[in-house]
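User: Please take a close look at one part of this model, the nonpolar patch on its surface, and describe what forms it and what surrounds it.

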Amino acid sequence: MEAYSVFKDLAIIIIAAKLFGLVARKCKAPQVVGEIIAGLVIGPCLLGWVQTSDFLLQMAEIGVILLMFSAGLETNLKDLVKTGPKALAIACAGVFVPLAGGTLLYMLFYGFSAIGTEEFFRALFIGTIMTATSVSITVESLREMGYLKGKIGTTILNAAIIDDIIGMIVLTVVIGFYDSAAKPITVVCNTVLFMCIAIVGGFFAYRIFQKVDQKYPHSRRITIAGLALCLVMAYCAERFFGIADITGAYVAGIILCNMHDSEYIARRMDINSYVLFGPIFFASIGLKTNIRNLNWDILLFSLGFVAVALLTKIIGCGLMAKVCNTPMKHSLKVGVGMMTRGEVALIVAQKGMNVGLLDPVYFTSVILLIITSSILTPILLKLLYAKWPEAATE
């Protein structure tokens with residue numbers, strides 16, 4: 001392939017992703033769904049205008065790194081401390097109940113396997129995909145109704161943040177265990193060691209960034225330094241600890257999230273992600289999704305995948321909220337608000353496919369889950385708040 005032909009591919013991807021993304025947004029669906037569908041349309045499955053290449057795969061990898069860095073930057077540690085044990089308990093239930101539900105679902109369809117076998121890890125990874133939470137749709141729904149900063153809205157937001165942190169740890173451990181060359185104790189030790197070094201090193205990095213930010217506020221140099229930190233941590237996580245690079249990028253974002261200019265860095269990162277790397281990442285999922293191998297078994301599994309993913313979030317988060325002395329009518333709101341899935345689920349699925357834990361055909365299940373949860377969550381929340389309102393705060 002000629003070196004300059006990649007420019008044509010990039011132009012097709014960017015235009016198609018944005019057009020389909022706008023259509024998706026008009027249809028009240030997440031824009032990323034449209035970008036994935038764009039990849040399906042222009043890719044080998046349909047029109048064949050764009051073929052996957054090493055260059056596009058590397059660009060997509062940069063895209064996912066930037067997405068996770070931005071997610072870390074948008075974390076509010078002060079709010080997490082305020083909600084404390086309650087949000088942590090809800091988040092833990094919101095991870096482990098879907099993890100168990102997804103693993104059991106895969107085994108019911110494809111047979112029970114002994115712990116440690118490849119099929120067992122494939123089943124466990126299906127559960128890992130279900131652990132992800134994306135509350136962007138929930139946030140918008142609560143904002144429209146005036147309940148975003150209410151007690152329930154705050155609980156959902158903070159539980160979702162902790163949920164993603166725990167989900168990244170689960171992803172790291174599952175992928176580490178899947179590597180037959182690594183012993184379980186090695187995986188656990190590497191994960192703990194990385195987190196400890198990240199905490200200590202992150203403290204010093206934060207203080208340095210804080211001083212530079214005070215001297216040169218709203219400067220491009222702070223954005224460049226933040227991006228460098230993101231890339232270094234992504235590299236170190238994968239190279240020295242055997243941990244997913246996206247975990248390193250996410251932790252880098254968390255290190256800088258309480259800095260005065262964290263929102264400024266996030267906006268700068270969002271420009272790169274929105275214009276180029278983000279569309280390439282989501283379109284690349286469509287390019288690699290193999291719908292030609294779809295059959296009734298996969299479609300039936302996809303329906304079960306969606307049902308289990310939604311119900312386990314409602315049950316896990318809702319019941320834990322109830323245990324934490326939240327009235328049942330409000331606990332149900334927490335469960336429903338936590339059931340939306342989005343970019344993180346796609347990122348987790350992508351990482352699983354890269355290491356051989358997930359067949360591309362199962363991306364259909366993940367995309368169907370994102371669409372279904374994005375449609376159902378606002379509807380159910382409006383019904384619940386109409387029946388059991390709370391004092392509006394915004």
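Analyst: Helices are DSSP runs of H or I with at least four residues, strands are runs of E with at least two, and both are numbered from the N terminus. This is a predicted model, in which local features need pLDDT of at least 70, side-chain atom pairs count only at pLDDT 80 or more, and totals for chains, interfaces and linings use all residues. Residues are numbered from 1 along each chain as its sequence is written, and side-chain values use heavy atoms, with hydrogens and water left out.

The nonpolar surface patch covers about 780 Å² and is made by L104, L108, F109, Y110, F112, L300, L303 and L368. Two elements, α4 (77-110) and α12 (296-323), give two or more residues to this patch, and α4 has the largest share, with four residues. Such patches join nonpolar side chains (Val, Leu, Ile, Met, Phe, Trp, Tyr) within 5 Å, taken from residues with over 30% relative accessible area and no salt bridge; a salt bridge is a side-chain nitrogen of Lys or Arg within 4 Å of a carboxyl oxygen of Asp or Glu. Areas come from the Shrake-Rupley method with a 1.4 Å probe, and for residues only the protein chains shown count as cover.

Y110 lies in helix α4 and counts as partly exposed because its relative accessibility is 33%, where buried means under 20%, exposed over 50% and partly exposed in between.

For the whole protein chain, there are 15 helices and zero strands, and buried residues make up 55% of the 394 residues. The accessible surface comes to about 17900 Å², of which 68% belongs to carbon and sulfur atoms.

Key
Patches are made of residues with over 30% relative accessible area and no salt bridge: like charges are joined within 9 Å, nonpolar side chains (Val, Leu, Ile, Met, Phe, Trp, Tyr) within 5 Å. Buried means under 20% relative accessible area, exposed over 50%, partly exposed in between (1.4 Å probe, protein chains only).
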